[in-house]
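Thanks for coming, everyone. Please look at the sequence and the structure on the screen, and I'll walk you through some local features.

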Amino acid sequence: MKAVKYVFAGLLMMGLSAPVMAQSYESALETVSKALKADPSGLASAKAAVKDFTKSFKKDPAAMVALGNTYLAVKNYPKAVECANLALKKNKNFGDAYVLLGDIEALKDDGGEAAMWYQQAMSLDPKNPDGYMRYANVYRKRSPQESERVLNELRKNIPDYPVEAESAHIFYTSGQYDKAMEYFNKSNPEKLTEGRLGEYALAALSNENFDKGLEISKIAIRRFPSNHGFIRLALLNANSGKNYGEAVEFAKKLVASGADVNAGDYSYYGQALAGNGQFAEAIEQYNKAYLMDAENVKVLQLISEAYTGMGDEDKALEYAQQYMDKNPTPKVSEYNKLATIYIAKVKKGEDPQGNFAKAMAVYDKVAEKVPAAGTWAKFQKGYQAYAAELDDEALNQYLPLITELENKGSLDEDETNYLKTAYRSVGYIYWSSKKDLTSATPFFQKLYNLDPNDKLAKQALGIEDTPAATE
């Protein structure tokens with residue numbers, strides 16, 4: 001997915017499950033957390049903060065586990081183990097301490113040891129869901145049946161626990177969005193927490209299930225109207241699903257919401273407007289995005305596309321060239337967009353020879369800069385000449401490509417499609433434009449050999465479809 005830095009802005013996302021922290025030690029732990037980030041050992045600059053925290057809360061097992069999780073976050077495993085053991089001295093049945101010990105082993109990539117500690121948590125603290133969930137996650141790939149058995153135990157012991165939503169969360173945090181969607185779809189979105197709804201909508205977006213993402217975003221907006229990030233998610237899903245009318249309305253709502261609107265938001269607003277055919281308004285929003293973040297040169301390409309949509313190729317070329325000049329590594333597709341603007345001018349009769357030559361020069365640059373796309377570039381030269389009805393130019397470009405591909409031997413799928421299109425186009429030019437069926441026939445025969453179902457080849461060769469046999 002593109003522009004990730006804008007996607008998460010303003011969203012309230014929840015982290016991995018951890019013991020709920022009592023207010024009595026929450027603020028003190030925040031101080032320790034900051035200190036340990038600077039001093040993971042806890043023996044230098046963080047020593048005083050850790051000592052004060054331990055002195056005040058060493059009798060509270062939950063506080064000790066919370067401190068252990070803080071050590072775990074900086075990968076100080078021995079200290080994390082020490083905290084878990086301190087918690088167990090106060091309460092040998094405290095499930096969160098066993099979960100912490102399991103998490104330590106999991107981060108050390110020892111699934112067997114992790115599962116053993118999670119099993120202890122389930123056995124000694126059967127009303128704590130984290131042991132079940134962690135254990136099920138360890139076995140999810142190794143033994144789906146065992147994972148399912150444990151989740152059923154969790155449902156039996158804690159009937160109200162949102163098993164599907166938390167299973168989805170585990171997959172979401174590991175980047176397995178298809179599996180996350182599978183479990184989120186089994187849950188009731190009306191009962192999901194704010195954080196899980198955000199994950200659901202983002203998983204749908206990442207999995208390209210844009211209709212579902214839009215549906216969940218709308219539910220989230222209704223349930224949590226103060227979280228403007230859900231409006232942003234609705235905008236993204238609507239845009240990605242080409243539901244541009246709704247996307248425009250969400251963009252308007254986001255800008256008017258009082259949220260901290262960023263350059264990405266204005267860019268998405270512009271894309272919604274452009275998709276809705278409102279090109280002038282789209283350019284206005286793109287300009288706002290560029291003013292806020294001049295390093296986001298992709299906006300220049302979007303402005304160029306909007307001018308193309310308006311039919312103003314001169315302005316489209318101006319911004320496309322700005323984009324290419326400021327982008328050290330333009331994509332092949334972006335070179336193609338630049339070339340097609342020149343072709344559009346050719347089709348309008350604006351200096352056909354000059355603009356066609358400029359388009360061809362763009363494809364030559366692709367072949368030079370990206371050798372792996374050389375065959376594609378040669379194909380595009382013929383294709384664009386044919387599309388512009390420059391028949392002789394099309395022959396000049398296609399015939400050498402045909403020879404090259406025929407001599408290559410084994411072709412991949414793209415190369416086979418290039419060859420079929422070249423045969424079809426050259427055959428048609430000879431047959432229809434030049435009234436020379438004799439010259440056209442060999443190309444149609446070769447096309448028919450590659451694709452016996454090609455209608456134009458069969459028509460040119462006088463081949464009739466054999467009627468289906470009847471009883």
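The charged end of lysine 186 sits over the ring of tyrosine 183, 4.8 Å from the ring centre. A charge sits over a ring if NZ of Lys or CZ of Arg is within 6 Å of the ring centre and within 35 degrees of the ring normal. Arginine 142 does this too, over the face of tyrosine 139, at 5.1 Å from the ring centre.

Some ground rules. This is a predicted model, so local features need pLDDT of at least 70 and side-chain atom pairs count only at pLDDT 80 or more, while totals for chains, interfaces and linings use all residues. Residues are numbered from 1 along each chain as its sequence is written, and side-chain values use heavy atoms, with hydrogens and water left out.

Tyrosine 139 takes us to helix α8, residues 129-142. Helices are DSSP runs (H or I, at least four residues), numbered from the N terminus. The expected span is 1.5 Å times one less than the number of residues. For the 14 residues of α8 that gives 20 Å, and the end C-alpha atoms are 21 Å apart, which agrees.

Is α8 mostly covered or mostly open? Mostly covered: 11 of its 14 residues are buried. Buried means under 20% relative accessible area, exposed means over 50%, and partly exposed is in between, with a 1.4 Å probe and protein chains only. The buried residues include Tyr132, Met133, Tyr135, Val138 and Tyr139. Charged residues are on that list as well, among them Asp130, Arg134 and Arg140. What do the buried residues of α8 pack against? They pack against α6, α7 (111-124), α9 (144-157), α10 (163-173) and α11 (177-184). Contact here means heavy atoms within 4.5 Å.

The N-terminal end of α8 is capped by asparagine 128. A side-chain oxygen lies 3.0 Å from the backbone nitrogen of aspartate 130. A polar contact is a pair of N or O atoms within 3.5 Å; within protein, one must be able to donate a hydrogen and the other to accept it, and residues adjacent in sequence count only if both atoms are side-chain atoms.

Now α5, residues 77-90. This helix has 14 residues, which should span 20 Å; the end C-alpha atoms are 21 Å apart, in agreement. Tyr77, Ala80, Cys83, Ala84, Ala87 and Leu88 are buried in α5. They cover an arc of only 140 degrees around the axis, which puts them on the same side of α5. That arc is taken from the directions from the helix axis to the C-beta atoms. An α-helix has 3.6 residues a turn, so residues three or four places apart point the same way. On the other side of α5, Pro78 and Lys89 are exposed. The cover over the buried residues of α5 includes α4 (61-73) and α6 (95-107). This helix has an N-terminal cap too: a side-chain oxygen of asparagine 76 lies 3.3 Å from the backbone nitrogen of lysine 79.

Next, aromatics. Rings of Phe, Tyr and Trp (its six-membered ring) pair if their centres lie within 6.5 Å; planes under 30 degrees apart are stacked, over 60 edge-to-face, and the rest tilted. The count comes to 16 aromatic pairs. In one of them, phenylalanine 224 and phenylalanine 230 have ring centres 6.3 Å apart and planes at 35 degrees, so the pair is tilted. Both of these phenylalanines are buried. Elsewhere, Phe379, Tyr383, Tyr398 and Tyr418 form one aromatic cluster.

Two glutamates in loops. Glutamate 208 lies between α12 (194-206) and α13 (210-223). Its phi is near 60 degrees, a positive value in a residue other than glycine. Glutamate 208 is exposed, at 58% relative accessible area. Glutamate 389 lies in the loop between α22 (374-387) and α23 (391-408). Phi of glutamate 389 is near 60 degrees as well, and this residue is exposed at 67%.

Which residues does glutamate 415 contact? Beyond its neighbours within four places in sequence, glutamate 415 is in contact with Thr375, Leu405, Lys408 and Ser410. Glutamate 415 is in helix α24, residues 413-433, and is buried, at 8% relative accessible area.

Last stop: tyrosine 428, also placed in α24. Tyrosine 428 is partly exposed, at 34%. Leaving out residues up to four places away in sequence, tyrosine 428 touches Tyr386, Ser433, Phe444 and Leu456.
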